[in-house]
Amino acid sequence: MFDAIIRLSLRHTGLVVALALAVLGFGIAVASEMPVDVLPDLSAPSVTVITEARGMAPEEVEQLVTIPIEQAINGATGVRRLRSSSAVGISLVWVEFDWDVPGMYSRQVVAEKLAVARSSLPAGIEPVMAPMSSIMGEIMFVGLKGSASIDATAVRETAEWLVRRRLLGVPGVAQVVPIGGAIKQVHVVLDPDRLTQLGMDAASIQDALNGAFENTPGGFIVASDQEYLVRGIGRVTSVEAVGRVVVGRHHGVPVLLRDVADVRVGEAIRRGDASVEGTPAVTLKIQKQPQANTLELTRRIDVVLDDLQESLPKGMTLYRKGFRQADFIDLAIKNVMDVLRDGSILVTLVLILFLLNWRPTLISLAALPLSLLVGILVLRWLGASMNTMTLGGFAIAIGELVDDAIIGVENVHRRLRDNSLVPESARRPVFDIVSEASREVRGSIVFATTIILMVFAPLFFLSGLEGRLLRPLGTAYVVSIGASLIVALTVTPVLCLLLLGGTPHAVRADWAMVRWMKAGYRRILHGLVRHGAVIGVLSLAGAITATTAMFSFGRRFLPEFNEGALNIAAATAPGTSLATSIEMVGRLESFLVAHPAVASVVRQTGRAERDEHAQDVNFSELEVGLNIEEGDRERVLADIREQAARIPGLAVAVGQPISHRIEHLLSGVRAPLVLRIFGDDLDQLRALARQAEAAMKRVPGLVDVNVEQQTEIPQLAIRPRETELAAFGMTPGQLARFTEMALAGQVVGTWWEHQRSYDVILRMPDAYRASADLVGATPVHHMDGRAVPLSAVATIDRTLAPNLVNRENAQRRIVVSASVTGRDVRGAAEDVLRSVTAQVRLPPQYHVELGGEFESEARASRTILLLSLLAILGMAVLLGIAFRSARDAALVMVNLPLALMGGAAAVAMTGSILSVASLVGFITLFGVATRNGIMMVTHYRHLVVREQRTLRDAVLDGSVDRLVPILMTALTAALGLVPIVLATGEPGNEIQAPMAAVILGGLVTSTVLNLFVVPPLFTRFAR
C-alpha cells in the first residue's frame, strides 16, 4: 500500500503540490482563529447547590438542610463525590460527576433530585443551583474604589447596579460576584416605648408590613371602544412613604409606621469586606462560561471596562491590576511559541550544516509547517483549543517532524549521487531512482513512526484530571508525527523529483566534515565489532544501574507552575469579628503592598452574597501579582511566611491562583496534600485533627500545615422558659420568630428607587445588640400592649457551638492540609501517612484518607507503566513481524535500555523528581530511540539480502551509510528540545521542560550507544 502511495504521488506531482499548498493556506487561516487558553478544559462536571438558611446555626443547617439534600442526591447516576459545607445561615453542596458526564446532563440530574428534596426542607428554604461555571473559570478580579468623600454604600451600589450588570451582559461571562462596601437597605427600627404606649406588638407590625409594598394587577376595563389596564399601586417610591404606611389603630385613630418606628436608609450587616492595594474597595470576581475563549472574553471585558471608566460617578475608579488569567496565558503562549520558533531555527541549522545544499534542506523543512498545520486542523476538528499543552505537544515533536523526510531525502540524495557517478549511458532514469530510493527506506520510516505512535497510546487511557491535561498534548504530538509520515510518503518524494532530479548540479558529494566523520567512525567500528559480548555486558550493567536509580527518585504529579502571582489564604481564629479579622490580615496586606516584588494586591475577607464558598469573616484570600526576576520567587515566599509568623493568631497558606484551583479540583481543598479524618463527633474530629497536625509538622518538607477552620465559637442560646412564656401568652415559636426579627432583622418588603430594589428590614434598635448582656433587656411585647424583658421569658446562655460542619460522601470530616517544598509530594505523602498512623490513635468508626495531587500521580503512573509495558510488548511483536527475526527485533529493542540511561541521568540532574511529565518524556523517548535501531538493522539486512554483502561488511558499510541520517535525525530532535530545556521554570513550559529533559538525555545516550553498541551486537548475535 505504501509503495503504491509513493508511486501515485510521483505520477501526480502537480496534484500533490497543490494539495500541500491548500493545506498550508487553510491551516494558517484556521490557526489564526483558534481559541487560546492556558490549559485544556479541566472543568470537572460539577454542580453547586446554594441554600440560604437565614439565621440558622451550622448544626441546624446540617440537620435540616444539608442532609436532606445529600440524601436526595447521593447515589445519583454518574456522581463520583459529594461534598458539603454547613455554615452560619448557608448550606453549600458540591456535586461532582464522572469526568465524561456532560455538563447539562449533570445539572438536569441535580434539578430532578432537588425537586424531591424540597418537600423535606423547612418552609421558606429554597435551594438553587449556582450558574454553570467552574473553579477554573475565575478569570479576573476587578476593583472599584471611591474617594474619601464617597461612602461605602455608594461604591457598592455602583458595583452592583452598574458594573456588575454591564459585565453580565458580556457574552461568555457566567457570574460576577461582588464583595465589599456596604449594601443599602431601608431599616424600620421599632421604638419599644412607643409600642407600649400604643398597645402594639412587633408581630402585628410585621403582619401589617407583609405585602404592604406590592403592586397588583386589576385586569382590564373596556369603556366604549377604549381598553384600560388596571393596576393596584401599593409600591412606595420614597422612604417617607414607607413611614406613612398604616400598621394599626389606637382608640380608632390610624397608627402609622413612623409613629412606632424610625424609618431610615441604612446598611446591611457586613459579612464580607474587600480592598485593593490596602485601600477599602468593592472587588468583583468574574467567572467565565464553560468553553468560553478566555483571551477573547478578556478582550471583550476590557472594552466594557474602558467604557465603564468613562461613565463612573465622579470620584470612583476601576482597579484593573488584579488577577488576570489572560496575562498568564499571554506570557505562557508567548514562551511556548518562542520555543517553537527557536527549535525550528536550530533544526534548520542542523540540516544546512550537514547538507550544505538548499534543495535537500528545503525539501526536509517542508515537512515542518505541513505537519504542524495538519495537527492544528485535526485539533480544531476535535474542538480543542490552542493552549500550552497542545503547543507543548508540537514543541516536543518539532525536531522529529523532519526525521522521516530527512531519511527519505538523504537516501534519494545518496542514490542520485551514486547514479551520477556511473557513465551516462548506464545511468537509470531519475524517476526510477527517486521511486526506488523512497521505497527502500519506506519500511523503516513506517515502522519507526508506527512504533512512536504505539508507545504514546497510554496517554489516551489516562482518566480524571491527568487525562484532561495530558491527552491534548498526546493528540497534538501523535497527529503531527502521523502527518509527518504522510508528508514523507507523498510530498517529500515529489519535491525530491522536482528539485533534485532535473538539476545535475543539485546532487553534490559529501563535504569535508561529513567525509571525516565517516572515516573516523569506520575506524572505530573496526575495533568494536570484535568485542560484541563485552559491549553487551557493559550496556546491560548501565541499564540495570539506570533502572535502579528510577526507583529511588521522588514522585510528584505535575511540576510546579510559575504563574507570576500568588494566592494567599489567611485565617484568624474562628469567632473573630470582621473588624478584628480585617485589622489582623491588614498587617500582612500592608507588608505586601510595600514589598518591592509585589505588583498588585486584592483582598477579600468573609463571604460575598452570591459566592459559592462558605467562608466566615475570619477567613481572607489575597490575590497577589508579582514583579520579580527569575530566581527571586522563593525569597518572596520566605518573606511572606516570615511576616505572617510575626502576626499572632494568623494562619497562612501560600500558593498560586491556577495551581490552587487545580488542587481544589483534585481534592476539594486548595492544597497539594490533604489528610481527611472522618467520623461523627465534631469534638473528637477536632481533637484528632490537632494530633494529626502535630504529627505532620514533624515531617520534613511540609509547610503551611493547617487544620481546617472547624471549631467552636461563642454563641448566645436563647431558650424559652416554658412556664413564664405560657403565662405571658406566647408560644416558643412566636418567641423564636421575635428573636430573629429583633436581633437579625426580618425582610418585610422591597423598596424600589430608580429601578433598583432594596430590602426593607424590620428590627429592634442597635442598642440591644451592642453586647451579650443587653440582649436580655430586649423588650418583648404582647398583643395587648404588655412588655417584658427577653430575660424574663427566656434563659440566655453563653455556649460554644460549631462554626462550620463539613461533610464528604455523606460523612462528617475535617481536613488537615499542607504544602510541600524542597522534596517530592509522593515521598512526603508516604511520610505523613506513616507519621499519622504511628502517632494518632483512631477510635472505632473513625478513619483517615490521604488525598491530593499524589493520588493522581499514582493513578497516572500505574496506568502509564502498565500500558507502556503492553506497548513495548506490541513493539516487539511488530518488529518481529517486520524483520521476520526475533533476534533482529531484540537488537532494535536494545535501544530502550540505552535510552533509559540518558533519561534517568537527566532526571537526576534536574532534581531527582519524577513527575507524570517525566514519564511522558520516557514514553516519547522509547518511541524515538527505536527509530535509529530500525534504520540500522533494516539497512544491514538490505545489504546482506539484496546486495549479497558479508555480515561484517554489511555492518561496517551499513553503519557508515546510516551515520549521517542518524546524526541528522538525532540532532534535529535533540536541538529542537534544547530551547524547551533552557526555558525550564518559565511560564507555559513547566510541564514540557521535564519531558524535554528526559527525551534530550535519552537521545544523547541512545544515539551514541546505538552507533557504537548495535553494530558489534549485530555482528556477534545476528544470523
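**Exercise 1. Locate Ser91 and describe its surroundings.**

Ser91 is found in strand S3, residues 90–97; strands (E, at least two residues) and helices (H or I, at least four) are DSSP runs numbered from the N terminus. The model is predicted, so local features need pLDDT of at least 70 and side-chain atom pairs count only at pLDDT 80 or more, while totals for chains, interfaces and linings use all residues. Residues are numbered from 1 along each chain as its sequence is written, and side-chain values use heavy atoms, with hydrogens and water left out.

Step 1. Is Ser91 buried or exposed? Buried means under 20% relative accessible area, exposed over 50%, and partly exposed in between (1.4 Å probe, protein chains only). Ser91 counts as buried because its relative accessibility is 0%.

Step 2. With contact defined as heavy atoms within 4.5 Å, and neighbours within four places in sequence left aside, Ser91 is in contact with residues including Val49, Ile50, Val61 and Thr66.

Step 3. The side chains of Ser91 and Thr66 make a polar contact at 2.8 Å. Such a contact is a pair of N or O atoms within 3.5 Å; within protein, one must be able to donate a hydrogen and the other to accept it, and residues adjacent in sequence count only if both atoms are side-chain atoms.

**Exercise 2. Trace the open sheet and the helices packed on it.**

Step 1. What is the order of the 6 strands? The order is S14-S13-S19-S20-S18-S21, with antiparallel pairing. Two strands pair if DSSP finds at least two bridges between them. The edge strands, S14 and S21 (651–655), each pair on one side only.

Step 2. Strands S19 (598–606) and S20 (619–626) pair in the antiparallel sense over 7 bridges. Gln604 has Glu621 in S20 as its bridge partner.

Step 3. Helix H21 (578–594) packs on the sheet, touching S13, S18, S19, S20 and S21, and its direction makes about 170 degrees with that of S19. Axes are lines fitted to C-alpha atoms, for helices over the stretch in contact, and angles run from 0 to 180 degrees between N-to-C directions. Helix H22 (633–645) lies across S18, S20 and S21, at about 170 degrees to S21.

**Exercise 3. Examine the backbone and exposure of Glu277.**

Step 1. Glu277 lies in the loop between strand S13 (272–276) and strand S14 (279–280).

Step 2. Although Glu277 is not a glycine, its phi is positive, about 55 degrees. Most residues other than glycine have a negative phi.

Step 3. Glu277 counts as partly exposed because its relative accessibility is 23%.
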